Amino acid sequence: MGPFALLLLLSSGEVPLRFVDVVEGSGVALVTTFGTEEKRFIIEYTGTGAALTDYDSDGDLDLYLVNGSTIELSLGAPGAPGAAPTDRLYRNEGGFRFTDVTEAAGLGDPGWGGGSLAGDVDNDGDPDLLVTNFGSNVLYRNNGDGTFTEVSAAAGLLDGRWHSSAAFGDLDSDGFLDLYVTNHAVYRVEEPPRLPCFWKGIQIACGPLAHRPETHLVYRNRGDVSFADVSESSGVSSKPGFGFGVVMDYLDDDDRLDVYVANDLSGNFLFLNRTTAGGGIVFQDVSALSGAGFVEGGREQAGMGVDSGDFNGDGRPDLHTTNFSDDYNTLYRNDGSGLFTDVSFESRLGEVTLPYLGWATAFADFDFDSDLDLLVVNGHIYPEADRFQSGTGYAQSNLLFENAGDGTFRDVSARSGLGEKRLGRGAALGDVDEDGDLDVVVANMHALPALLRNDGGNRRSWVRFLLVGRESNRDGVGARVVLEAGGRSQTRTSKSGGGYLSSHDPRVYFGLGGPGEARMVERVRVLWPSGAVEVYESLEPGKGYVIKEGAGVAAERP
Amino acid sequence: MSSLALVLLAQLLTSEERTAFEGAILLQLASDLDGALRGYEGILEAHPDFLPARLYRAEALWLLGKRDQAREELSRAQGDLLLVRILERIFAREAESEPLVARLSEAYPLEQNRFLATGTPVLVLLSMGELDEAIADYRRVAPVDPEDATLHRQIGAAFSSAKLFLPAVEAFERVVAAAPDDVSAWRQLGSGNLVLQRWEPSIAALEKAIELAGEEAGLLLALGYGHERKPDTERALELYRRAARLAPESGRPHYRIGRALMTQGKLEEAERAFTKSSSLDPKMPEPLGFLGDIQLKRGDVDLALSTLERALQADPEYFEAYYHLARVYRRMGRADEAVKALSAYEDLKRKKRGVLSQEDVLALR
């Protein structure tokens, strides 16, 4: 963008979205391993995620990056090259500078990693860390002194299947974070499928349909750093699916967190939470009838990532899923009562996404104009995509859609610094440099992550809230925050885990700009998972606040 | 003919005859094709059933450009050689039969390729459902005579019929290289690439077909679909509208117009296109399915219900209509009917997808 155009935009009140990759020199040095570059098997396709979490409670976001592995290492093949790749934890030193503290923190899982999820499992005030693997998941309990202790076995989380994304949420309203883990396919490294599989006439490593879909996992938090596997009693395990992304949000207008899962070629799941007080976690499967399980006349898409967010300002969380190339990413408008309508094309999100294979996606107000924009991370799975006129490419650029405020989105990717083509998979959002706006970490396959610094998002006013539960879970996950400012009302849910294999900044962000920029937050209403409702008025913009359940609001940095 | 007979066939000759036969082969390898032909014919006078000599003779004729004679010669031996091919495949699956396979291969070193060059085994193998074998055979033989448009056209059509679109496209690429004015081949190349979801090559081939044949509704629709999926929806719409003008009685162009308009998010215009499509072709369920979906989107559940019922009258197995119908009933609060419609959708889809999945597998090879 030339200086004249920039001046024109600024004079019109429009703030251009702009991201700059600052990974070089940041100290983040993990080039992820994920099978071979040739991609011989499905297990080598799916990539990794990232978590932004303040593990040392020093007030800024640290970065946990998941690493994969190789078939040879998984098989314990003699002479497998090099040591097992491990996940890495980077401590935020400020100004996008990081120090690798993996070993000092007692982390460094060598499993074939996929996702990472931060959450205060034991309500002790610091984030614990769950790593999802191909193979057993790993739970690290935060010791509160900058170190972690692995407690997977004692926590009851050992399960040898192929796990994808995970989300925490208090599904039974007992004040502790329960857990949903998506699983992908029944797969044994020792016995990969021998079928010839084809894409556009070219032989490729077989996708999910050459495998059996896996059932998913629901764990109830017992409150003592252990979990009970309630997959069967909750009704979830009766329905297998090639699970990837998962999100928990209020999808049918009641006060119980529901679960939505993006499944690859097996129809997406919408599980409405029907848990009653004192009862076990129970879901009702309304996937097909909700309108959010399929598209068109009941066609399954290849669901990858998912996020929820109120894009149209009606107070209800809508859903966005990413899909395979030659298909569109899908925006499901929440019509209330657990009913959804596919508005992808009407919202201008459909056509432009057709050539892309999307993974992570996130609703966020990147330019603080009081509505939710949309990020999509892309990258194909077939290296063969570059070998002929496939209509797509192996490495792909990411997409950024600016909410136009009228139910439609504008593709602003090209001018936003997202043009570089990579094999993107997971993404974590958060204010890494503490300048108020939302930066993005993208986990790329066989490459460094992209550390995308948001330059200019904070030109408009904003406000954010760190929620601390007391009767509710300590992280306040599942709290709904309704903000009124400048004549507008915005609703956000505090979520744990999101997009694809990743975990975002736990703070809840609001932009206050746009037409009639708000000078003051008139009113904030917090609907805690415990049922408590608190209202705060006349908050000054441009800063973060900590809202403690039952104890009022205070500036994040007094 | 038994497998044993086939093996013995190579051993029929006396030592002198074998020497003469090998001498003829050497002449052929030295490009003395006439000399080689005389040698083969001498053998065949004494042993008219000695297949290798017949086939080497066919090869020599082929190399001399006497292709009709070569084909005639080969056609007389096809049954036997096909048997050899089948036996080879059967034996190759049994490790203990390796010596036999080796002996067969030794006995017929070149003739199989010559035989394959007729394209007959590919066609026979296709008819037998031996798809992988057919593709492998075609790829082995294709370089022998890449410019034989007739051969590749015939095989390409057979692959298309068998929904093996990649080898079909390979065959038609050879046809258009050898016969660049062959409209039918360009058309087939375009539609094959469409099925393979290779949008750019399909667009190029269909544009060439239109250049040669002039505008036809079918070609314009196919070309439009390539653009729609590329995606260049604006161009697709332009082509679909031209198709609609050329085929004013057909509902299909208006259906495609509706789909493209939906992709552009223009639901009101899409609704008009689907309505037009349905009025022209009431037996086509797809426009009614999408029409019902649009009516449901804008909240007109009663109208959506009647539209979807019409879709099912047009095609009771159109499972997509049941899916929409289930959602309509759900929105109307008619839970039992919603569940029933959903169940019908699932049953029909399973049934139809069972068939489709086989086709899909074939299409993707």
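Below, a biologist and a modeller talk through two chains of a predicted model.

Biologist: Let's begin with H2 of chain B. How do you know that its end C-alpha atoms lie as far apart as they should?

Modeller: H2(B) covers residues 15-29, which makes 15 residues, and at 1.5 Å a residue these should span 21 Å. The end C-alpha atoms are 21 Å apart, so the two values agree.

Biologist: Which residues of that helix are buried, and what makes them so?

Modeller: They are B:Phe21, B:Ala24, B:Ile25 and B:Gln28. A residue is called buried if 20 or more other C-beta atoms lie within 10 Å of its own, so each of these four meets that cut-off. They cover an arc of only 100 degrees around the axis, which puts them on the same side of H2(B).

Biologist: And what does the face turned away from the buried side carry?

Modeller: There you find the exposed residues B:Ser15, B:Glu16, B:Thr19, B:Glu22 and B:Leu29. Exposed is the word for 12 or fewer such neighbours, so these five fall under that heading. If you follow the chain on, B:Ser31 comes just after H2(B) and takes a positive phi of about 70 degrees.

Biologist: Now to H17 of chain B. How does its reach compare with what is expected?

Modeller: Its 14 residues, 267-280, reach 20 Å from the first C-alpha to the last, close to the 20 Å expected at 1.5 Å a residue. Buried in H17(B) are B:Leu267, B:Ala270, B:Glu271, B:Ala273, B:Phe274, B:Ser277 and B:Ser278.

Biologist: Why do you place those buried residues on the same side of H17(B)?

Modeller: Because they cover an arc of only 165 degrees around the axis. B:Glu268 and B:Ser279 are exposed on the other side of H17(B). As for partners, the buried residues of H17(B) pack against H16 and H18 of chain B.

Biologist: What makes you say that both faces of strand S3 in chain A are covered?

Modeller: Look at residues 62-65: A:Asp62 and A:Tyr64 lie on one side, A:Leu63 and A:Leu65 on the other, and all are buried.

Biologist: How do you know that S3(A) pairs with S2(A)?

Modeller: Pairing takes at least two bridges, and 4 join S2 (residues 50-53) to S3(A), so they count as paired; they run antiparallel. A:Ala50 stands opposite A:Leu65 there. S3(A) is also joined to S4(A), residues 88-94, by 3 bridges, again antiparallel. In S4(A), A:Arg88 is the bridge partner of A:Leu65.

Biologist: Why is strand S32 of chain A called mostly covered?

Modeller: Of its 7 residues, 462-468, 6 are buried. S32(A) pairs with S35(A), residues 508-511, in the antiparallel sense over 4 bridges, with A:Val463 opposite A:Phe510. With S38(A), residues 543-548, S32(A) shares 6 bridges and runs parallel. One partnership there is A:Leu466 with A:Val546 in S38(A).

Biologist: Finally, how many residues does each chain bring to the contact?

Modeller: Chain B brings 33 residues and chain A brings 22. Among the chain B elements that give two or more residues are H11, H13 and H16, while H20(B) gives the most, with 8 residues. By class, the side of chain B that touches chain A has 15 nonpolar, 7 polar and 11 charged residues.

Terms used:
Residues are numbered from 1 along each chain as its sequence is written. Chains are lettered from A and ligands numbered from 1 in the order in which they are written. This is a predicted model: local features need pLDDT of at least 70, side-chain atom pairs count only at pLDDT 80 or more; totals for chains, interfaces and linings use all residues. The expected span of a helix is 1.5 Å times one less than its number of residues. The arc is that of the directions from the helix axis to the C-beta atoms. Two residues are in contact if their C-beta atoms, placed from the backbone, lie within 7 Å. Ala, Val, Leu, Ile, Met, Phe, Trp, Tyr, Cys and Pro count as nonpolar, Asp, Glu, Lys and Arg as charged, and the others, Gly among them, as polar.
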